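Subject: Handing over a structure

Hello,

Here is the structure I promised to pass on, with notes on what turned up in it. Please have it open while you read.

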Amino acid sequence: MPQVQKKATSTKSKLQKSVAKVAKNVARNVKSVANGVSKKVNKTVKKEKAKVSAALAKLAVGKVPAALKPAKRTYFFGSGKAEGSKEMKNLLGGKGANLAEMTNIGIPVPPGFTITTDVCNEFYQAGRRLPKGLEEDLRTSIAKMEKLVGLKFGDTKNPLLVSVRSGARASMPGMMDTILNLGLNDETAAGLAAASGNERFAYDSYRRFVAMYGDVVLGMKPERKEDHDPFEVLLHKKKEAEGVKNDSDLSAEALKELVHEFKAEIKKRIGADFPTNPYDQLKGAIMAVFNSWENDRANAYRKLNGIPVEWGTAVNVQAMVFGNKGDDSATGVCFTRDPASGENFFYGEFLINAQGEDVVAGIRTPQKIVELQKTFPNAYKELLDIRRKLEKHYRDMQDIEFTIEASKLYMLQCRSGKRTGFASVRIAVEMVEEKLISRDEALRRVEPEALNQLLRPVFDPPAKVAADKERRILAKGLPAGPGAATGKVVFFAEDAESWAARGETVILCRHETSPEDIRGMDASIGFLTAFGGMTSHAALVARQMGKVSIVGCEAVSFDYHARKMTVETSRPGTADAGGGAVVFNEGDWISLDGFTGEVIQGRVETTPSEIIRVLIEKNLAPAQAPVYQRYARLLEWADKVRRLRVRANADQPDQAAASVAFGAEGIGLCRTEHMFFGEGKIGPMREMIVAENEHDRRLALAKLLPLQREDFAGIFRAMKGRPVTIRTLDPPLHEFLPHDEAGVRDLATATGKPIAEIKERIEGLKESNPMLGHRGCRLGISYPEITEMQARAIFEAACDLADNKEPVFPEIMIPLVGIKRELDLQADLVRKTADAVFAERKRKVPYLVGTMIEIPRAAITAAKIAETAEFFSFGTNDLTQMTFGLSRDDVPRVLADYIRQDIYDVDPFVSIDREGVGALMKMAVAGGRSTKPKLKLGICGEHGGEPGSVMFCHEIGLDYVSCSPYRLPIARLAAAQAALKAS
Ligand code: PEP
Ligand code: MG
């Protein structure tokens, strides 16, 4: 559904829901009040109704029901009681729902309130204006907070300060905006200094607030990509002038001056004064958070993660607690288990005398959470209790934020923690062992795509040892994203995008990353940053995107203008590569070991993952491979649950063997044309193509026959009796012909024909549109002897195995059928050939003849085609191409524009277009099974290994999906999830 229409429909249903709710209230009121009052009610209702009418008319989606009153816009939490709960994520966003939940289960949370995601939609519908009446709600909620904490918002003696944070339904780390310490102006800051007896703290909070507000609400961003943040520049100058290293070493006086300098910079840049009224500040901050829902980076993130725009974000306004109040205060971020490996140990970092954003932004390198017990033994103990309580309550690994103010612990956030694929599998499997979750739950928890990471390469050990000996291991940072990556250095996210677009493998290297870099990060295979801890932006994004990442590598420094990076190799804790520094220019090769945090100069060969070593290379025993063991367990559970069978697209015996190792229950597509490019086959194939008559063609085919037979036997053997779908020749013949002079010469020699004649033949075979030309069954119809040779090779190979008592089950598949007669002719040929071979060999083997459904006409006439076909396999690559009328090879030309303009949600060649291609598939399923109720149905287009498409295949009742061997684990898990969803 187009985005605008989707938005309108969802708005319509929301409006209708709220209208229905009000109608109920009004009905109740009418019963109990006198006539006069109910008239008044009616008047209000009429007014509201008119407003909704106007809104709906604007959206052009339908009529308005009876009555309306605005829905509840704010939900309060504080002092052990909350109006919301964890079930209300859609309305309160993840953060709001969990703050409410933590409050309800007795965890210390500073009081506050959540403005709902519906208000965000109201804001956009009103042309980015806050709805009328919201200010009243804000004042009421702030009054409640004031009562609970005993402070007043805007008070010049002892002011209440608040934080304003975004919080969407799905976590979008760092994509939207946050403002802390709101409520400060010159008077309230003086009051805060006096009341706290800590002037430094008051002005530290004030300068943070002005900078954050200036950035987020007033739009004070760096002017060019090479520039630094304007407030950072002033802060840096101030530290230099004062001769201090850390922000926390600046004096109260210096911070006070900084506030003035910040405000002067704002005035200079935007020509307006910094707002002083706390309610104006609050409204500005709320609007900024709503606006950030549609900023560039949030839009990009939503696209990457399939989050609909109409979900909106909630806004959380919460009483500030201060981790920057002095050395008895701190702030930190933790994960209840290790988010990189999944190990069950408390994992986190904290900073003394700092505010939350310092940890995430990586301004100072934080301390490990165990260190907390030395400085804050009571808070540490309480934190451990909360860790246990939260894991038990949520039954999942949590990502938590805390602040310690004057030795007292407060929780500011908890949410399901982002994790690597490794951690995802380990946590799910171990939580089942700990009886925290069921097996089904474990299966639901792991994103099928996450399994990809477990199959990722690591550095080839000898290559790594060699790199070490050659003193190429230059430095060590924090290993934030596992895996091994080797690529070219780029310094800017935009460059990462453009280099990747032209086919380069890049590693993004920066001081630190920020949410603006999201697209460039997606285009890179890994990131290296100089600053930040394991919870910094680069680290979080790496784990989420499954990228290799090293953060906080202090040996690295940058000169962005010169596009150079320097790695100091003689620093403590790093390998000494001869002392001094190594300079990397843009485009130089670098390698990152995301398991150890090592930064390596140049390229390093990679080697397969533990799972590949156990399953494919068979050079590692399962008992020595814990990652493999957990992977195998999870997939064993998946296999018990799924209904869909899984097959592989494989054309060679080694691929078939790999497929079995990854759990294939058959081969769903053997593209025979791929075999002709193998050793010794292309020559006779070319002779066959240039043959001028059937006799010559048969001579060439006779040379191909034994070669094909051998290939098929190898595949049958590897599959040990599992069904093997072999497709007859598909692509246009000229694809096999030589394109260079040497090839033409060879062919001329082999056939004894003049070079000119060969060239003429090649020219003659060229087609205007080969995708829609002489390919698929059309070849077999023009040259039946090709199909006949292939069928003979298949049946002779099958008989060879059967002679050896090896089980075998071929399924011969005819491609690109659009008309029943095409299949009739080809199927007849196959069956006649089978009969001939069986008669010669005096034995029979079971087999089927079926077709691909990859032309819309075949889907539409499936009932007829099924009279001949014994199975269907959806070729969704071609079916998508022909349904969209868009060449599968040329789709990249339009894709970016189409996704940007919301014409496609995703590339239809990646995930099935349910509305169009899906409708044709359903039609074919119904048609086929109306003729043969038990008709075997599968899919062998690339969609067969994509989780969303696997879900669809389950829903429409296919028997199996077939995909590339390395995507089989993903397909198995996705099929299990589909079955669980349906049950
Ligand atoms: C298809 O069209 O989906 C298919 C599997 O065939 P091919 O990709 O070989 O055209
Ligand atoms: Mg096809």
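Leaving aside its neighbours within four places in sequence, which residues is phenylalanine 872 in contact with? Taking contact to mean heavy atoms within 4.5 Å, phenylalanine 872 meets Thr851, Ile853, Ala862, Ile865, Ala866, Ala924, Gly928, Leu935, Lys936, Leu937 and Gly938. I come back to this residue below.

A word on conventions before the rest. This is a predicted model, in which local features need pLDDT of at least 70, side-chain atom pairs count only at pLDDT 80 or more, and totals for chains, interfaces and linings use all residues. Residues are numbered from 1 along each chain as its sequence is written, chains are lettered from A and ligands numbered from 1 in the order in which they are written, and side-chain values use heavy atoms, with hydrogens and water left out.

**Confidence and overall layout**

The pLDDT, which is the predictor's confidence in each residue from 0 to 100, averages 88 for the chain, and 90% of the residues score at least 70. Residues 1-67 stay under 50, and the model has 63 contacts beyond four places in sequence for them. Residues 571-578 are also below 50, with 19 contacts in the model beyond near neighbours in sequence. Where pLDDT is low, the predicted coordinates should not be read in detail.

The chain has 39 helices and 34 strands; these are DSSP runs (helices H or I, at least four residues; strands E, at least two), numbered from the N terminus. Of its 983 residues, 56% count as buried, where buried means under 20% relative accessible area with a 1.4 Å probe, protein chains only. Among contacts in the chain with a separation of 6 or more, 68% are accounted for by residues 24 or more positions apart.

**The magnesium ion and ligand 1**

The magnesium ion (ligand 2) has Glu854 (OE) and Asp878 (OD) as its protein donors, 2.0 to 2.1 Å from it. Donors here are N, O and S atoms within 2.8 Å of the metal (3.2 Å for Na, K and Ca), and since water is not among the atoms, sites may look incomplete. Glutamate 854 sits in the loop between β31 (848-853) and α33 (856-860), while aspartate 878 belongs to helix α35 (residues 876-884), 24 residues apart. Glutamate 854 counts as buried because its relative accessibility is 2%, and aspartate 878 counts as buried because its relative accessibility is 2%.

Aspartate 878 also has a polar side-chain atom 2.9 Å from an oxygen atom of ligand 1, a polar contact being a pair of N or O atoms within 3.5 Å; within protein, one must be able to donate a hydrogen and the other to accept it, and residues adjacent in sequence count only if both atoms are side-chain atoms. The side chain of arginine 727 places an N or O atom 2.9 Å from an oxygen atom of ligand 1, and a polar backbone atom of threonine 876 is 3.0 Å from an oxygen atom of this ligand. Of the 13 residues around ligand 1 (a heavy atom within 4 Å of it), Arg671, Arg727, Gly875, Asn877 and Arg888 come nearest.

Back to phenylalanine 872, which lies in strand β32 (residues 871-874). Is phenylalanine 872 buried or exposed? It counts as buried because its relative accessibility is 0%. From phenylalanine 872 to glutamate 854 the C-alpha distance is 9.8 Å, with their positions 18 residues apart in sequence.

**Two helices**

Helix α10 (residues 278-292) has 15 residues, so at 1.5 Å a residue it should span 21 Å, and its end C-alpha atoms are indeed 21 Å apart; the expected span is 1.5 Å times one less than the number of residues. Eleven of those 15 residues are buried, including Tyr279, Leu282, Ile286, Val289 and Phe290. At the start of α10, a side-chain oxygen of asparagine 277 comes within 2.7 Å of the backbone nitrogen of tyrosine 279.

In helix α11 (residues 296-305), Arg297, Ala298, Ala300, Tyr301 and Arg302 are buried. At its start, a side-chain oxygen of asparagine 295 comes within 3.2 Å of the backbone nitrogen of arginine 297. Glycine 306, just after α11, has a positive phi of about 60°.

**A buried serine**

Serine 166 lies in strand β6 (residues 162-168) and counts as buried, at 9% relative accessibility. Beyond four places in sequence, serine 166 touches residues including Lys95, Met176, Asp177 and Val289; Val289 is one of the buried residues of α10.

Happy reading!

Methods. Buried means under 20% relative accessible area, exposed over 50%, partly exposed in between (1.4 Å probe, protein chains only).
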